[in-house]
Amino acid sequence: MHFNGSHYRTIWPDPQNNRQICIIDQRKLPHDFVVETLTTIEEAVTAIREMHVRGAGLIGATAGFGMYLAALEAPSAGFSDFMVDAGKKLGESRPTARNLLWAVERVLHALAKSADPLEKRRLAFATACAIADEDAFFCRRIGEHGLEIIKEISRRKNGAPVNILTHCNAGWLAFVDYGSATAPIYAARDAGIPVHVWVDETRPWNQGTKLTAWELQQENIPNTLICDNTGGHLMQQGMVDMVIVGTDRTTHTGDVVNKIGTYLKALAAHDNNIPFYVALPSSTFDWDLDKGVDVPIEQRAEDEITTLSGKDENGEVRRLILAAQGTRAMNYSFDVTPARLITGLITERGMIRPEREAIHRLFPEAGKANT
Ligand code: MRU
């Protein structure tokens, strides 16, 4: 997608030196657009854990390139042990994200094809690039399938703008390109269908405020920022036509794990008969767990809740303390939306009901090792 009119992916190998992987440091947005370079596995782990990069698809792509950087560092004797250890470190950096483990497993699987360290490094690079390309392609496909749903709502509204509510950032910045929840929105814009997006601010990290609103602005999509508690009111007032969110992990039975607060939006949508869609590439499915409540939920630092950072009137980025000294906070990063509250899953192969049979029918190869 675009920043100041130029096309960017969210991660790419430096064209001058492919031992360096470029990312956009998302902690600095929307005030500063800073490209950071990763050259070691440790830097890749830190970038994921400290949220320089974030979002399901981008975490997966960064893990793929992180494994490539690890392969560059791995000693010829003990190469495999080094790589398994690197995969473990990456896997532990964000425990809820399914794409992370999926990408690590995919690179390890590719490495097993050769015993030669040089060839293994080439395979790691090729696999990381394939993961990134595939992520962008799958998001574009999600856009095409989601467009059909928006078209239908637009037809029913006689062409009046379709009001879409989204939570967190499942946009271009959360993937390699296009985004999952935003891909249908961009496809609708390209098809000339008027849309307007309600952007949940998404406390405590404020992905909606800092990332989604900025991203939609860059793409000239009309949008309005709302605080997290506003969605239910808008739904009661008939101001929301549909909800589309992303997901960090979805069980093969259709339970969706996504940014904290998603569950409450799904309950409100259900109560108001508003369709609630989840957009995801198949790399986000967990083919082993049956119940969403069994997914490990990441807990982050208390100060993400007790403090706030932003730019002051003089243009200085500052951190403010909101809570009284000694205030304890609990910072669960994700929650589980049960399948029964979800209208449909929009995947790269089409839209399906969030049910085990439908999911396995669409992905019959599910759970088998990637090549
Ligand atoms: O903690 P984050 O920002 O990495 O959370 C991930 C997300 O962006 C959201 O949960 C998103 O809705 C799903 S990931 C596309």
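How much space lies in the largest cavity? About 150 Å³. Keep in mind as you look around that this is a predicted model. A search of the whole structure turns up 3 cavities of 30 Å³ or more, and we'll walk through the largest and the second largest before turning to the ligand.

Start with the largest cavity. Its lining is made up of 19 residues, and if you want to find the centre, look for Arg54, Gly55, Ala56, Asn169 and Asp248, which lie nearest to that point. Two elements, helix 2 (56-73) and strand 11 (256-259), each give two or more residues to this lining. Now step back to the domains: domain 1 (2-134) and domain 2 (144-370) each supply at least three of the lining residues. As for chemistry, the walls are a mix, with 8 nonpolar, 7 polar and 4 charged residues.

Next comes the second largest cavity, with about 60 Å³ of space. Its lining consists of Gly57, Gly60, Ala61, Asn99, Trp102, Ile131, Glu134, Asp135, Phe138, Pro281 and Ser283. Here helix 2 turns up again, joined by helix 4 (98-111) and helix 5 (117-156), as the elements that contribute two or more residues. Which of the elements gives the most to this lining? That's helix 5, with 4 residues. Sorted by class, the lining has 5 nonpolar, 4 polar and 2 charged residues.

Now for the ligand. It has 18 residues around it, and the closest are Arg54, Arg94, Asp248, Asn258 and Lys259. You've met a couple of these names already: Arg54 and Asp248 are among the residues nearest the centre of the largest cavity, and both are also among the closest to the ligand.

Zoom in on the polar atoms and a few contacts stand out. On the side chain of Asp248, an N or O atom sits 2.6 Å from an oxygen atom of the ligand. The side chain of Arg94 also has an N or O atom facing a ligand oxygen, this time at 2.7 Å. Asn169, another residue by the centre of the largest cavity, uses its backbone instead: a polar backbone atom there is 2.9 Å from a ligand oxygen. So how much of the ligand's accessible area does the protein cover? On its own the ligand has 400 Å² of accessible area, and the protein covers 100% of it.

Notes:
Residues are numbered from 1 along each chain as its sequence is written. This is a predicted model: local features need pLDDT of at least 70, side-chain atom pairs count only at pLDDT 80 or more; totals for chains, interfaces and linings use all residues. Side-chain values use heavy atoms; hydrogens and water are left out. On a 1 Å grid over the protein atoms alone, a cavity is a set of points where a 1.4 Å probe fits but cannot get out, and a pocket is an open set with protein on both sides within 12 Å along at least five of seven lines; lining residues have an atom within 4 Å of a point. Grid points are joined across faces, edges and corners, and a volume is the space filled by probe spheres set on the points. Ala, Val, Leu, Ile, Met, Phe, Trp, Tyr, Cys and Pro count as nonpolar, Asp, Glu, Lys and Arg as charged, and the others, Gly among them, as polar. Domain bounds come from an automatic or database domain assignment. A residue is near a molecule or strand if one of its heavy atoms lies within 4 Å of it. A polar contact is a pair of N or O atoms within 3.5 Å; within protein, one must be able to donate a hydrogen and the other to accept it, and residues adjacent in sequence count only if both atoms are side-chain atoms. Accessible areas come from the Shrake-Rupley method with a 1.4 Å probe; for residues, only the protein chains shown count as cover.
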